[in-house]
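Me: Please take a close look at a single part of this model. I should like a connected account of what lines it, what lies around it and how its surroundings are put together.

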Amino acid sequence: MKVVMVCLSAVLIGVFAEPEAQHNGRSQYPAHFANPRPSYPAYTKPSYPAPAYPKPSYPAPTYPKPSYPAPTYPKPSYPAPAYPKPSYPAPVYPKPAYPAPAGPTYPKPAYPEPAHPASYEKKYQSPYDYCNPRKAPKCSNNGTETFCLKDAEYPVQEVKYAIDYDPLVLTKYADVADQSADNLVDGLTSLAEEHFDYSDYHGSSFEKGHWVGDEGYICPSDVLYTRPVRAVNADGEWRVIVQDIAWPGYTQTQRTETCLFPGASCRTLAACYRSECLQQYIYHRMLSFDPCDPQKGIFIDVYKMPSACACHVPQLH
């Protein structure tokens with residue numbers, strides 16, 4: 001064991017005592033360890049032919065052809081050449097000698113033709129003043145009414161003459177003489193309408209008569225099937241209405257309904273509703289005569305007539 005230790009110590013001493021190798025740019029290894037640089041053969045650079053690619057073909061671009069408006073040139077105006085008009089003699093043809101055909105003959109009707117005057121003449125002189133169409137006649141109670149059912153100054157003779165003068169008066173006429181609640185009011189008979197009684201009501205919702213009473217309309221009214229003989233037209237002028245007193249057998253009947261208490265409260269409604277009876281009207285067309293201008297003859301005029309008494313309830317706030 002000691003011998004081994006002595007040997008190892010000697011070896012270590014020898015190793016550490018060996019001087020370092022000197023580096024002078026040369027290898028510290030012996031020359032026979034230096035490998036010479038290999039020499040490689042020189043190769044020539046290969047030359048490759050340039051690749052041939054097919055040349056792309058693009059379609060030629062197409063551009064829209066511009067459209068220009070065709071130029072407009074003023075049309076030259078040349079004077080028309082004046083050529084002398086040739087004059088040729090008109091040909092003369094002999095007139096054929098044919099007998100003229102005889103037309104059909106019709107027997108003359110057995111009734112006499114109406115004789116109308118060639119020009120309208122005022123044959124009848126009325127003693128009444130009809131020259132102001134806006135002056136109310138006496139039958140209107142000094143202008144308080146807009147139509148008259150009776151007229152002591154009705155121009156009977158003048159209206160008859162105007163009817164005889166107008167051959168088309170029958171084509172203008174139309175009337176339903178038999179009118180009543182039976183054919184004008186649904187669910188009500190003429191007998192019941194004639195017996196409506198409003199004697200207990202005087203127009204106030206605070207009276208006892210407002211709540212009691214017989215059958216009737218909610219707004220008391222006077223319903224008549226009338227034949228007015230004079231009335232104010234839609235323009236505010238008085239006209240004479242053609243009736244059977246001047247034209248026997250031919251009438252012009254109108255149904256009128258006038259409020260007995262216009263503006264009063266409606267029957268059977270409480271005062272809190274603030275109801276009100278309002279008069280309604282309708283326009284009627286009737287055959288008429290203007291005594292201020294009798295040459296107009298018989299014509300159709302328009303009149304404003306009372307048609308209903310309606311109950312109106314305003315909006316309650």
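Reply:
**The largest pocket and the sheet beside it**

The lining of the largest pocket consists of 7 nonpolar, 4 polar and 2 charged residues, where Ala, Val, Leu, Ile, Met, Phe, Trp, Tyr, Cys and Pro count as nonpolar, Asp, Glu, Lys and Arg as charged, and the others, Gly among them, as polar. The model is predicted: local features require pLDDT of at least 70 and side-chain atom pairs pLDDT 80 or more, whereas totals for chains, interfaces and linings use all residues. Residues are numbered from 1 along each chain as its sequence is written, and side-chain values use heavy atoms, with hydrogens and water left out.

The volume of this pocket is about 300 Å³. Among its 13 lining residues, those closest to the centre are Glu 145, Thr 146, Phe 147, Tyr 281 and Pro 306. (On a 1 Å grid over the protein atoms alone, a pocket is an open set of points where a 1.4 Å probe fits, with protein on both sides within 12 Å along at least five of seven lines; lining residues have an atom within 4 Å of a point.) Strand 6 and strand 7 each contribute at least two residues to the lining; strands (E, at least two residues) and helices (H or I, at least four) are DSSP runs.

Both of these strands belong to an open sheet of 5 strands, ordered 1-3-4-6-7 and paired in antiparallel fashion. At its edges are strand 1 (147–148) and strand 7, each of which pairs on one side only. Pairing requires at least two DSSP bridges between the strands.

Within the sheet, strand 4 is joined to strand 6 by 2 bridges, and the two run antiparallel. Ile 241 of strand 4 faces Ser 288 in strand 6. To strand 3 (residues 230–232), strand 4 is linked by 3 bridges, again with antiparallel direction. Here Val 232 has Trp 238 as its bridge partner, and Arg 230 stands opposite Val 240. The hairpin of strand 3 and strand 4 has 5 residues between the strands, and Gly 236 takes a positive phi near 85° there.

Strand 4 is covered on both faces: Trp 238 and Val 240 are buried on one side, and Arg 239 and Ile 241 are buried on the other. Buried means under 20% relative accessible area, with a 1.4 Å probe and protein chains only.

Helix 2 (residues 156–165) lies against this sheet through its buried residues Glu 158, Val 159, Tyr 161, Ala 162 and Ile 163. These residues pack against strand 4 (238–241), strand 6 (276–289) and strand 7 (298–312), and also against helix 3 (169–172). Strand 6 and strand 7 are therefore shared by two settings, since both supply the lining of the pocket and both pack against the buried residues of helix 2, contact meaning heavy atoms within 4.5 Å.

For the wider setting, the protein chain has 5 helices and 7 strands, and from the N terminus the elements follow the order α-β-α-α-α-α-β-β-β-β-β-β. Of its 317 residues, 26% are buried. Among contacts with a separation of 6 or more, 72% join residues 24 or more positions apart. One such pairing in space is that of Gly 203 and Ser 265, 62 residues apart in sequence but 6.4 Å apart from C-alpha to C-alpha. Gly 203 sits in the loop between helix 5 (190–194) and strand 2 (221–226); beyond its neighbours within four places in sequence, its contacts are Phe 261, Ala 264 and Ser 265.

Conventions:
Buried < 20%, exposed > 50% of the residue type's maximum accessible area, 1.4 Å probe, protein only. Points joined across faces, edges and corners; volume = space filled by probe spheres on them.
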